[in-house]
Amino acid sequence: MDFKEETKNLIKVLVYASTSLTYSYYIAKVIPKGFTRLLTILPVVLLFISIPLFFNSVHLIGVLSFLISWLANFKLILFAFGKGPLSAPLISLSQFLSFACFPIGKTDVNKNMSHESLMSYGIKGILLAIFLKAYHDYGDQMSPMLAWILFAFSVYFFLEVMLGISSKIMGILLEVELDPQFDEPYLSTSLQDFWGRRWNVMVNRILYPTIYNPVRTLSTRVIGRVWAPIPAILTTFAVSGLMHELIFFYFTRDWPTWDTMLFFCLHGVSMVMEIVIKKSVNVKWRLPHHITTPFVVVFVFATSYWLFYPELMRCQLVERAFEEYGAMIKIAKGVIPSHLQFVTHHDNKTIGLES
């Protein structure tokens with residue numbers, strides 16, 4: 001991977017994104033909310049969809065596809081209709097840019113990172129290194145299920161650490177609070193609890209106003225308020241599946257297999273069944289958490305192994321990530337003093353410091 005080329009493209013993309021958002025901010029001053037404003041913003045939406053295609057780095061693709069192609073685009077669609085965080089009254093241009101590109105929750109927050117947060121991220125960072133090392137060195141010798149468990153925890157800890165630390169840093173710089181990422185999803189007591197409150201809260205908070213609420217409102221007129229959430233849930237999961245297929249396309253530049261779409265549709269249907277059973281039975285008691293939590297975790301792991309894991313393997317995320325780390329180490333060798341240079345041994349796959 002050519003880091004110089006990636007850096008040039010990143011600078012271009014930052015200029016394109018800032019210019020496009022500035023255009024959107026000022027065009028709204030003269031174009032009323034509604035479909036007319038949506039049409040004027042549509043070129044920006046299309047540009048943001050194409051931004052990850054500028055890059056080959058899995059890290060840049062992952063971050064930009066999530067923050068720009070997904071979150072920023074959905075916020076712009078809400079903005080076209082006068083809704084969402086970008087439509088806040090008296091919002092400045094700098095706030096508009098920040099709110100569009102980052103999952104900001106509220107302003108005027110405490111700037112200090114707690115000792116508990118630092119310790120939590122440190123522990124998760126160590127676990128991430130251990131799991132990645134084990135998967136990279138011994139993944140071929142493990143059973144597929146064990147390899148998937150290691151890989152799944154590696155992805156979870158990577159997202160937790162990367163998004164968590166980024167949120168803290170951006171929160172301090174922008175004096176805002178970013179939406180949380182995860183809330184101990186391994187403690188979920190139901191699929192509703194897992195998808196609605198614990199897994200990737202950032203996405204939930206943008207899918208709720210853009211997809212779930214409009215579909216539920218329309219469904220209420222057709223099938224009534226009691227069952228209106230069902231088509232809203234199914235549509236939300238379908239849109240999430242499409243967005244994940246798009247992200248996988250950014251990684252592979254190949255036609256989708258639609259396994260990821262099937263994964264999200266399966267979970268959408270399963271959640272609907274869960275809701276229907278609760279509504280139909282209408283009982284006060286609930287199964288104890290020590291029964292429901294393992295069931296939810298096993299169901300998520302099993303369906304992920306069946307439908308999600310093959311897509312992740314097709315992207316070769318771990319292999320490409322290690323290649324990028326190796327390239328960064330080579331660059332560091334030219335910057336760090338010779339008595340503290342990183343050395344790599346590709347034969348035995350060890351990384352250390354040369355003193």
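## Exercises on a predicted model: patch, core, salt bridges

Met119, Ile123, Ile126, Leu127 and Ile130 form a nonpolar patch on the surface, with about 450 Å² of accessible area together. Patches are built from residues with over 30% relative accessible area and no salt bridge; like charges are joined within 9 Å, and nonpolar side chains (Val, Leu, Ile, Met, Phe, Trp, Tyr) within 5 Å. Accessible areas come from the Shrake-Rupley method with a 1.4 Å probe, and for residues only the protein chains shown count as cover.

The model is predicted: local features need pLDDT of at least 70, side-chain atom pairs count only at pLDDT 80 or more, and totals for chains, interfaces and linings use all residues. Residues are numbered from 1 along each chain as its sequence is written, and side-chain values use heavy atoms, with hydrogens and water left out.

**Exercise 1.** Place Leu127 in its helix and classify its exposure.

*Solution.*
- Step 1. Leu127 sits in helix α5, residues 115-138. Helices (H or I, at least four residues) and strands (E, at least two) are DSSP runs, numbered from the N terminus.
- Step 2. Apply the classes: buried is under 20% relative accessible area, exposed is over 50%, and partly exposed is in between (1.4 Å probe, protein chains only).
- Step 3. Leu127 has 30% relative accessibility, so it counts as partly exposed.

**Exercise 2.** Describe the protein as a whole: its helices and strands, its buried share, its contacts and its exposed area.

*Solution.*
- Step 1. The protein has twelve helices and four strands.
- Step 2. Of its 355 residues, 43% are buried.
- Step 3. A contact means heavy atoms within 4.5 Å. Among contacts with a separation of 6 or more, 69% join residues 24 or more positions apart.
- Step 4. About 19800 Å² is exposed, and carbon and sulfur atoms supply 67% of that area.

**Exercise 3.** Which residues of the largest nonpolar core touch the most other members?

*Solution.*
- Step 1. A nonpolar core is a set of buried Ala, Val, Leu, Ile, Met, Phe, Trp, Tyr and Cys residues joined through side-chain atoms within 4.5 Å.
- Step 2. The largest core has 77 residues, and Phe48 and Trp70 touch the most other members.
- Step 3. Helix α3 (residues 58-80) gives the most to this core, 14 residues.
- Step 4. A second, separate core has five residues, including Leu128, Leu132, Tyr156 and Phe182.
- Step 5. Look at Trp70. Beyond four places in sequence, Trp70 touches Ser65, Val203, Ile206, Leu207, Ser240, Met243, His244 and Ile247.

**Exercise 4.** Trace the salt-bridge network that links Asp193, Arg197 and Arg198.

*Solution.*
- Step 1. Side chains of opposite charge can pair when their charged atoms come close. A salt bridge is a side-chain nitrogen of Lys or Arg within 4 Å of a carboxyl oxygen of Asp or Glu. The structure holds four of them.
- Step 2. Arg197 bridges to Asp193, with the closest N and O atoms 3.2 Å apart. Both lie in helix α7, four residues apart, about one turn of the helix.
- Step 3. Asp193 also bridges to Arg198, at 2.9 Å from N to O.
- Step 4. Check burial. Arg197 is exposed because its relative accessibility is 51%. Asp193 stands at 7%, so it counts as buried. Arg198 is buried too.
- Step 5. Widen the view to α7 (residues 191-198). Its buried residues include Leu191, Phe194 and Trp195. Their cover includes α8, α9 (229-252), α10 (259-281) and α11 (289-315).

**Exercise 5.** Which parts does the salt bridge between Asp254 and Arg314 tie together?

*Solution.*
- Step 1. The two side chains, of Asp254 and Arg314, meet at 3.8 Å, N to O.
- Step 2. Asp254 is in the loop between α9 and α10 and Arg314 is in helix α11, so the pair ties together parts 60 residues apart in sequence.
- Step 3. Asp254 is partly exposed at 40% relative accessibility, and Arg314 is partly exposed at 27%.

**Exercise 6.** Follow the chain from the end of α7 to Asn204 and Arg205 in α8.

*Solution.*
- Step 1. Asn200 follows α7, and its phi is positive, near 50°.
- Step 2. Asn204 lies in helix α8. Its side chain reaches the backbone oxygen of Trp199 at 3.3 Å. Beyond four places in sequence, Asn204 is in contact with residues including Trp195 and Gly196.
- Step 3. Arg205 is also in α8, residues 201-223. Its relative accessibility is 45%, so Arg205 counts as partly exposed.
- Step 4. The C-alpha atoms of Arg205 and Pro180 are separated by 9.9 Å, with their positions 25 residues apart along the chain.

Conventions. Polar contact = N/O pair within 3.5 Å; in protein donor to acceptor, adjacent residues only side chain to side chain.
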